[in-house]
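Visitor: Could you take me closely through one part of this model? Please start with how it pairs, then work outward to what surrounds it.

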Amino acid sequence: MLPSITFLDLETTGATPLRDRITEIALVRFDHGVETARWQTLVNPEQPIPPFIQSLTGINDAMVADAPRFAEVADTLLAFLEGSVLAAHNVRFDHGFLKSECKRLGITLRQKVLCTVKLSRLLYPQFFSHGIDAIIERHQISGLARHRAMGDVEAILIMLADARRDLGEGAVRAAAEKLMSAPTLPPHIDAHMVGELPEAPGVYLFYGENDLPLYIGKSINLRARVLSHFSADHASTKEMRMTQEMQRFEWIPTAGEFSALLLESRLVKERQPIYNRQLRRERQLCSWRLDTQALPLLTLVGEDDIHPADMDCLFGTFKSKRQATEALRKIAEQHQLCLKVLGLESDRTGPCFAYQLKRCKGLCCGQESAGMHALRVQQALIAHKLKSWPFAGKIGIEEYSLDHDLKQIHVFEHWTYLGVAEDDETLLALRQQSALLKFDLDTYKLLLKMLAQKKTRVLNLSV
């Protein structure tokens with residue numbers, strides 16, 4: 001199928017490499033289509049195996065008590081994987097655990113991988129499910145120890161043997177090569193660097209001949225997104241020019257899409273890459289501030305005067321004074337509000353111009369009370385009201401990446417982003433931080449959207 005491929009499966013104490021550990025490893029290696037190695041071992045996870053996992057896998061604490069620790073089998077495992085493609089069912093899971101275990105030993109695991117779930121989808125597109133249980137049923141496999149490492153490896157090997165018989169060796173090889181195919185890259189781009197790109201969330205930076213980035217982007221799949229720039233360069237003048245100028249790139253892993261969005265927004269503002277026109281565009285952000293005890297009722301305030309703690313009296317976010325004024329004029333016309341009291345018409349004697357056109361209910365000439373008009377103004381603006389901070393103090397938004405074995409907690413107070421914590425010490429410092437609260441529209445919109453999602457994990461950091 002491939003010159004060298006090693007099929008592997010792990011059993012673990014749970015699904016999170018950050019805290020869970022490996023309990024069993026099994027692998028079968030093929031070189032030039034011939035099986036050259038078969039190895040399996042229980043592993044002492046150095047922590048209790050949860051009852052649910054024991055019932056699922058049949059591996060209990062007594063069975064692994066005298067088993068070697070991962071550190072004792074790491075060299076053997078890495079020798080089996082050397083020069084070979086690592087294949088596993090949902091390879092991100094197994095690869096993530098192996099990277100995490102190696103990281104604890106000070107080893108950086110760099111391994112080409114192949115996902116046999118994706119391979120099954122290519123070979124058998126007529127089927128909906130491609131999990132191990134579905135494969136066992138589909139290929140009428142029996143007699144294997146399900147949820148044991150070698151049993152699951154052998155199920156995949158039987159599936160591939162059936163595929164060779166049913167579809168032909170060429171079809172299986174073509175499907176594997178399609179998943180492993182190297183992209184067409186500009187000559188000045190290091191293919192090895194592209195090969196290390198993870199299929200996981202993060203931010204990437206394209207550089208020219210100096211240390212100023214040409215472009216900063218984000219994705220939930222860094223590999224696919226970076227490669228899309230190269231595949232699309234013929235269709236876009238901007239993409240072609242950018243990839244021609246680019247000499248190198250780097251990436252920063254994040255724990256999820258929200259983390260990537262925040263990092264991208266911050267880096268673009270800080271480093272001003274020339275091809276990020278949308279995010280780096282300078283705006284004269286302004287908003288209407290309502291004060292029912294003053295005249296005019298509304299005052300236009302710039303971004304520097306927007307205090308996140310005073311959102312109750314702010315309405316709308318506009319890119320310019322002209323846009324803000326035009327929007328307010330439309331609201332005034334729709335709700336028959338007085339232009340003079342709103343501050344849209346300079347002082348003059350007599351009724352406002354809108355009253356003469358029968359578009360004002362007459363506050364300016366005594367036909368409507370100031371209290372009633374102020375109430376109508378608040379009702380007219382309600383759809384444009386900026387949202388008040390709905391928490392007592394600081395909060396954290398938590399994301400976790402299985403691929404990067406990375407947990408990030410983003411700390412906010414009154415819509416202001418205070419920073420990110422990846423450990424308890426940094427989190428404590430951010431909780432104690434007394435920062436100047438500064439409004440940022442991009443952060444406000446990102447956080448609003450995130451808080452609206454039911455799956456968002458919000459930590460109360462004010463206690």
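**A strand and its surroundings**

Guide: Strand β2 pairs with strand β3 (residues 34-42), antiparallel, over 8 bridges. Keep in mind that this is a predicted model. One pair to find on screen is E24 and L42: E24 faces L42 in β3. The hairpin of β2 and β3 has 2 residues between the strands. There, H32 has a positive phi near 55°.

Now turn to the β1 side. β1 and β2 also run antiparallel, joined by 9 bridges. L10 lies opposite I25 of β2 in this pairing. So how much of β2 is buried? Of its 10 residues, 10 are buried, and the strand is mostly covered. As a rule for reading such strands, side chains in a regular strand alternate between the two faces of the sheet.

Next comes the loop between β1 (4-12) and β2 (22-31), where T16 is found. Is T16 buried or exposed? Its relative accessible area is 14%; the cut-off for buried is under 20%, so T16 counts as buried. What does T16 touch? Beyond four places in sequence, its contacts are F97 and Y400. For a sense of scale, take T16 and H139, which are 123 residues apart along the chain. Their C-alpha atoms are 30 Å apart.

One end of β2 also meets a helix residue. E101 belongs to helix α4 (residues 91-104). Setting aside neighbours within four places in sequence, E101 contacts R21, I22 and F70. Is this glutamate buried or exposed? E101 has a relative accessible area of 2%, so under the 20% cut-off it is buried.

Follow the T16 contact to Y400 and look at strand β12, which covers residues 395-401. In β12, 6 of the 7 residues are buried, so the strand is largely enclosed by the rest of the structure. β12 pairs with strand β13 (residues 406-413) in the antiparallel sense, over 7 bridges. Their hairpin leaves 4 residues between the strands, and D405 has a positive phi near 50°. β12 also runs antiparallel to strand β15 (residues 457-460), with 4 bridges between them. I397 is a good residue to click on here. Opposite I397 in β13 stands H410. In β15, the bridge partner of I397 is V458.

Back to β1 and β2, this time for packing. Both strands give two or more residues to the largest nonpolar core, a set of 29 residues. Within that core, the residues with the most contacts are M1, I5, F7, L114, L119, L123 and L160. Other elements that give two or more residues are β4 (85-88), α5 (116-123), α6 (132-138), α7 (149-167) and α8 (169-180). The largest share, 9 residues, comes from α7. Take L119 as an example of the contacts. Apart from neighbours within four places in sequence, L119 touches M1, L114, L160, V172, A175, A176 and L179.

Last, check for gaps. Rolling a probe the size of a water molecule over the atoms shows where empty space is left. There are 2 cavities of 30 Å³ or more. The largest holds about 50 Å³. Its lining is F7, L8, D9, A87, A88, H89, T116, D152, V153 and I156. β1, β4 and α7 each give two or more residues to that lining. F7 therefore plays two parts: it lines this cavity and is listed among the core residues with the most contacts. By type, the lining splits into 6 nonpolar, 2 polar and 2 charged residues.

The second largest cavity holds about 40 Å³. W288, F315, F318, A324, A327, L328, I331, L381 and H384 line this one. Both β11 (314-318) and α14 (321-335) supply at least two of these residues. α14 gives the most, with 4. This lining has 8 nonpolar residues, 1 polar and no charged.

Technical notes: Residues are numbered from 1 along each chain as its sequence is written. This is a predicted model: local features need pLDDT of at least 70, side-chain atom pairs count only at pLDDT 80 or more; totals for chains, interfaces and linings use all residues. Side-chain values use heavy atoms; hydrogens and water are left out. Buried means under 20% relative accessible area, exposed over 50%, partly exposed in between (1.4 Å probe, protein chains only). Contact means heavy atoms within 4.5 Å. A nonpolar core is a set of buried Ala, Val, Leu, Ile, Met, Phe, Trp, Tyr and Cys residues joined through side-chain atoms within 4.5 Å. Two strands pair if DSSP finds at least two bridges between them. On a 1 Å grid over the protein atoms alone, a cavity is a set of points where a 1.4 Å probe fits but cannot get out, and a pocket is an open set with protein on both sides within 12 Å along at least five of seven lines; lining residues have an atom within 4 Å of a point. Grid points are joined across faces, edges and corners, and a volume is the space filled by probe spheres set on the points. Ala, Val, Leu, Ile, Met, Phe, Trp, Tyr, Cys and Pro count as nonpolar, Asp, Glu, Lys and Arg as charged, and the others, Gly among them, as polar.
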